[in-house]
Amino acid sequence: MNRFSSLILLSCLILLSCSRNMNGPSSGPALNIVRAVQLGHRLQKVFFINEQHGWALTDSSGIYRTTDGGSTWEYSSFDVKTLLTDMSFVNSSTGWVCGFDTTVLRTTDGGRTWTRQMVQNADDSIIHHIKFSTESDGWLVTTMGA
């Protein structure tokens, strides 16, 4: 393998390892989502709350969810058209996604439907990361760091 091919392969492996939840499965049926979204959707993050319930966030088109450990995936679209960057779930029902244009969406039915949440006093319109520890306590990280 030439040096350029090795560099590309290494870069891809680094990107994949940085964007997946390290607590979730690293092999097996859960990775079937890569095949499901690779044509037409950019995969942003894969997150599993337990062995059966997981989600795969795409860039701006929606989210895939599994309730059987990744054997099958169900697609749910969003009513927003902006770049999505991160997601956080506290249980198999309640979770959030975030992104550009101060976008924060919440689900209480495991990702079947999503509701836009209002963000007050944001220093920046880009929300890079979201993390909730309970259904009511969470943090957002913007470009400005707040």
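1. A polar contact here is a pair of N or O atoms within 3.5 Å, where one must be able to donate a hydrogen and the other to accept it. With that in hand, take Thr103 and Arg116: a polar contact of 3.3 Å joins their side chains. Please keep in mind throughout that this is a predicted model.

2. A quick look at the whole chain may help before the details. It holds two helices and 10 strands, and the order from the N terminus is α-α-β-β-β-β-β-β-β-β-β-β. Of its 146 residues, 38% are buried. Among contacts between residues at least 6 apart in sequence, 38% join residues at least 24 apart.

3. Back to Thr103, which sits in strand 7. Is Thr103 buried or exposed? Its relative accessibility is 1%, so Thr103 counts as buried, the cut-off for that being under 20%. Setting aside residues up to four places away in sequence, Thr103 touches Val80, Thr82, Leu84, Val97, Cys98, Arg116 and Ile127. Arg116 is thus both a touching residue and the partner in the 3.3 Å polar contact.

4. Arg106 also belongs to strand 7, but its relative accessibility is 24%, so Arg106 counts as partly exposed. Beyond its neighbours up to four places away in sequence, Arg106 touches Thr94, Gly95, Trp96, Thr113, Trp114, Thr115, Gln117 and Glu135. For a sense of distance, Arg106 and Met87 are 19 residues apart in sequence, and their C-alpha atoms are 9.6 Å apart in space.

5. Thr85 is worth a stop on the way through strand 5, which spans residues 84–89. Thr85 has a relative accessibility of 18% and therefore counts as buried. Which backbone oxygen lies 2.7 Å from a polar atom of the Thr85 side chain? That oxygen belongs to Ile127. Ile127 also appears among the contacts of Thr85 outside its neighbours within four places in sequence, together with Gln44, Leu57, Cys98, Gly99, Phe100 and His128.

6. Now for the nonpolar interior. The largest nonpolar core has 12 residues: Phe47, Trp55, Leu57, Ile63, Phe78, Val80, Leu84, Met87, Phe89, Val97, Leu105 and Trp114. Strand 2 (54–58) and strand 5 each supply at least two residues of this core, and the largest share, three residues, comes from strand 5. One member, Phe89, touches Phe47, Ile49, Trp55, Thr94, Gly95, Thr107 and Trp114, not counting residues up to four places away in sequence. Another core, of six residues, lies apart from the largest one; Trp96, Cys98, Ile130 and Phe132 are among its residues.

7. Finally, the second largest pocket, which has a volume of about 160 Å³. Its lining consists of 14 residues, and those nearest its centre are Trp96, Val104, Ile130, Phe132 and Leu140. How do the lining residues divide by type, and what is the count of each? There are eight nonpolar, three polar and three charged. Strand 7 (103–107), strand 9 (127–132) and strand 10 (138–142) each supply at least two lining residues, with the largest share, three residues, coming from strand 10. If you would like one link to follow on screen, Trp96, Ile130 and Phe132 lie nearest the centre of this pocket along with Val104 and Leu140, and Trp96, Ile130 and Phe132 are also among the residues of the six-residue core.

Conventions
Residues numbered from 1 in each chain as written. Predicted model: local features only at pLDDT ≥ 70, side-chain atom pairs only at ≥ 80, totals over all residues. Heavy atoms only, no water. 1 Å grid on protein atoms, 1.4 Å probe; cavity = no way out; pocket = protein on both sides within 12 Å on 5 of 7 lines; lining within 4 Å. Points joined across faces, edges and corners; volume = space filled by probe spheres on them. Helix = DSSP H or I, 4+ residues; strand = E, 2+ residues; numbered from the N terminus. Nonpolar A, V, L, I, M, F, W, Y, C, P; charged D, E, K, R; others polar. Buried < 20%, exposed > 50% of the residue type's maximum accessible area, 1.4 Å probe, protein only. Contact = heavy atoms within 4.5 Å. Core = buried A, V, L, I, M, F, W, Y, C linked by side-chain atoms within 4.5 Å.
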